[in-house]
Amino acid sequence: MKHVVILTGAGISAESGLKTFRDSDGLWEGYDIEEVATPQGWQRNPVLVQQFYNERRKSVLEAKPNAAHVALAKLEEKYKVTIITQNIDDLHERAGSTNVVHLHGIITHSQSSKNAKLTYPVNGWEIGMDEICELGSPLRPHVVWFGEDVPMIETAMNICTKADIFMLVGSSLAVYPAAGLVGYVGHEVTKYIIDPKIPAIYNLMQLIKIEERATVGVPKLVDELLND
Ligand code: APR
């Protein structure tokens, strides 16, 4: 069974109503990323950061998977599929994808602020400032902030080397190490890029650019692959 590896970014969830990062002049929901998505921001103002992610979690819980998420789940009918996502939403899982690697964590979970390996499902949309982990330290969102390690990156690199078909959907490739993953896909492997504004990619072989929104481009490509 051929192995399809898909790297997704914020663009695949844009049509589910979840904002992307770089389409809105570097602010995320009106906040400077430094303020809310860095360990320093958490040290400076944990209440602001906790509230910011509580608001994001509420939007994620209210959002629905779109036709692109659903199409990628359908791909599992005929292919081995691994989704490597930079997104912290759970829309791939809710669409039915069974093999999702979250490079930047997932907002439906919290983690100990003392030991990142201790993670817990969040009940509802809020993590309270009074909630503590088994070590007694405050719970924070289970997301990878700028400047923090990306624990799943080696796993993701390894998966990319095993791709028979590769897709990049809805990412500006602005953030490393995620952006470097395309370099781990074999030269001879066909690489589809689906994005209304295709990001600049240099010296990649077998590139097929699909300049479409995810809900248009992904279902079309999935239908082709299922009828291949
Ligand atoms: N369909 C497909 N792609 C879209 C759509 C859409 N409807 N709308 C926007 N896009 C594309 C944009 O053209 C852009 O290339 O999605 C991409 C969004 O890029 P970013 O906002 O930079 O998101 P992403 O690449 O996921 O950012 C990576 O940066 O801020 C950090 O940790 C955060 O995971 C995030 C990482």
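These legends walk through close-up views of a predicted model. Numbering starts from 1 along each chain as its sequence is written, and side-chain values use heavy atoms, with hydrogens and water left out. Local features need pLDDT of at least 70 and side-chain atom pairs pLDDT 80 or more, while totals for chains, interfaces and linings use all residues.

**View 1. Two domains in the protein chain.** Domain 1 covers 1-18 + 65-104 + 149-228, and domain 2 covers 21-62 + 113-143; the bounds come from an automatic or database domain assignment. Their C-alpha centres sit 25 Å apart. Contact (heavy atoms within 4.5 Å) takes in 11 residues from domain 1 and 10 residues from domain 2.

**View 2. Where domain 1 meets domain 2.** The two bury about 710 Å² between them, 67% of it on carbon and sulfur atoms. Buried area here is the accessible area (1.4 Å probe) that two parts lose on being put together, summed over both. On the domain 1 side, Leu18, Ile88 and Arg94 lose the most area, together 45% of what that side buries. Zero salt bridges turn up across the interface (side-chain nitrogen of Lys or Arg within 4 Å of a carboxyl oxygen of Asp or Glu).

**View 3. Around the ligand.** The ligand is surrounded by 21 residues (a heavy atom within 4 Å), the closest being Phe21, Arg22, Ser171, Ser172 and Asp195.

**View 4. Polar atoms at the ligand.** A polar side-chain atom of serine 172 is 2.6 Å from a ligand oxygen. Glutamine 86 brings a backbone N or O atom to 3.0 Å from an oxygen atom of the ligand.

Technical notes: Polar contact = N/O pair within 3.5 Å; in protein donor to acceptor, adjacent residues only side chain to side chain.
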